[in-house]
Amino acid sequence: MTDASTASSTQTSVDSPATTRKSTTKAYAAQAPDTPLAPFQIDRRALRPHDVQVEILYCGVCHSDLHMARNEWGQTIYPVVPGHEIVGRVTAVGDHVTKFKRGDLAGVGVMVDACRECSTCVKGLEQYCKEGMVLTYSSHDKISGEITYGGYSKQIVVDQDFTFRVPENLPLAQVAPLLCAGITTYSPLRHWNVGNGTKLGVIGLGGLGHMALKFGASFGAEVTLLSTSPDKAADARRLGAHKFALTRDPQQVKALSGYFDFILDTASAPHDYNMYLEMLNLDGVMTCVGIPPAPAVIQIFTLMGGRRSLASSGIGGVPETQEMLDYCGEHNISSDIELIDIAKINEAFERMLKGDVRYRFVIDMASLA
Ligand code: NAP
Ligand code: ZN
Ligand code: ZN
C-alpha cells in the first residue's frame, strides 16, 4: 500500500510535484456553516500507483457547493473545500497510470472513489455504490480515512479511474460545469429516453437547468422552460427551449395541465411539487435532481390522477460521464459561464441564491495566487 499514511511527512509545493510525498496546496474553505469561504492550506496525498495529480485551471460553482458549505443537508465535514466541476492539466502520474500522461487535460467530477465491486459499481453506476461513493469533498478517503477536499484549490490527486478525458475542442473553462451540471442532466434525460416526440419541461434556469435545455434540444425533444424569472425567457430560447412558462402566473400554469411526458426539476429551493406534477400527462415522469434542504410534500392524489411517477437521479456513473463529455465534444456543447476570481466566491454564492447567474460561475484558478 503506497498511501498517505506510509508516505514521508516532508511536504512539497505544487510547483515541484512529487509522487512520493504529500503536497501542500492553496485552497478556499469554509470552517463552519456561518463563516464565509476564506484562504486555507491543505495537503494532498502522495501519489498511489493509479493516481494522477492535476493542476486545477478552472472549477465550476455548483449550488451543491453552497448547500454543503452551509451544511444545509446536515452532512458536511469541516473544514470544507468545495468544488466538483474540475478541469486542469496533469502534472504527475503514479507508476501504474495508463490513461494519462503529464501535460494531458483532465477533469474530475462529484466522486473520486467507490467500492468498485458491488452490483451497482460493476454496472458502471458508481454513484449508487452500495457502500456509498467517496465524494470529491467532505467525504472520507477509503484508504487513509482522511477528509477529501474539492476543487477550490490549486491541485488535486485522484485515482485515474475517476478522472476523465475532456474534449480538447471546447473552451476549457466552459467544460468545467459539464463534470456536474452536465452529467446530472444528461443522465436522467438518457435514462428516461427523452428525445424525438418527448414533451420535456425543465424547472429552473440555473447551472443544471441551462444544460438540460441544451441536451433536451440536442436529443430532439420539444423543450419548455418552467421558470420563476420573467427576464430569462429570451435566454431560454437561445439555449434551446421552444417554449417558456412563468410559473408565478397561475394562468400559464393552468394552460400546461397534463401537458408534459417528462419534467426535470432542477430547483434548488423549496417549492410546490404538486403544482408541477399536475403538468404531467398520463404516465408522465417528474425527476427531481434539485435537492432543496426541506422535505417534499406530495399529494398522492396528484400522482394517482394520471398514473404519474415522481423520481430522482444522482449525477452519473463513470462510463456515462465520459460518454457525456465525448458527446459534448462531438456536438459542440459547453456551459455558458461567468468567469470569476476566487476572491469573489462569497459574492457569487449570494448571487446564485438570488438566481442571478448566467448560467454558471467558474473560478479562474490563476486568481488563487
Ligand atoms: P442554480 O444555478 O442556483 O439554479 C437553480 C435554479 O432553480 C434557479 O436559477 C431558479 O431558476 C430555480 N429556482 C430557485 N428557487 C426556486 C423555487 N423556489 N421554485 C422554482 N424554481 C426555483 O443551482 P444548480 O447548481 O443548477 O443546482 C440546482 C439544484 O440541483 C441544487 O439543489 C443542487 O444541489 C442540485 N444538484 C443535484 C445533483 C444531483 O446529482 N442530483 C447534482 C448537482 C446539483 P429560475 O430563475 O429559472 O426560476
Ligand atoms: Zn454539483
Ligand atoms: Zn460499490
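I take helices (H or I, at least four residues) and strands (E, at least two) as DSSP runs, numbered from the N terminus.

I note that this is a predicted model, where local features need pLDDT of at least 70, side-chain atom pairs count only at pLDDT 80 or more, and totals for chains, interfaces and linings use all residues. Residues are numbered from 1 along each chain as written, chains are lettered from A and ligands numbered from 1 in written order, and side-chain values use heavy atoms, without hydrogens and water.

**Entry 1: ligand 1**

I looked up the residues near ligand 1 (a heavy atom within 4 Å of it). There are 31, and Ser227, Thr228, Ser229, Lys232 and Arg360 come nearest. Helix H1 (63–69) and helix H4 (207–218) each supply at least two residues of this shell. H1 gives the largest share, three residues.

I sorted the shell by class: Ala, Val, Leu, Ile, Met, Phe, Trp, Tyr, Cys and Pro are nonpolar, Asp, Glu, Lys and Arg charged, the others, Gly among them, polar. I got 13 nonpolar, 16 polar and two charged residues.

**Entry 2: atom distances**

I checked pairs of N or O atoms within 3.5 Å, called polar contacts. The side chain of Ser229 has an N or O atom 2.5 Å from an oxygen atom of ligand 1. For the His67 side chain, the distance to a ligand 1 oxygen is 2.9 Å. Ser313 uses a backbone N or O atom, 3.0 Å from a nitrogen atom of ligand 1. I then looked up burial: ligand 1 alone exposes 930 Å², and the protein buries 91% of that (Shrake-Rupley method, 1.4 Å probe).

How values were computed: A polar contact is a pair of N or O atoms within 3.5 Å; within protein, one must be able to donate a hydrogen and the other to accept it, and residues adjacent in sequence count only if both atoms are side-chain atoms.
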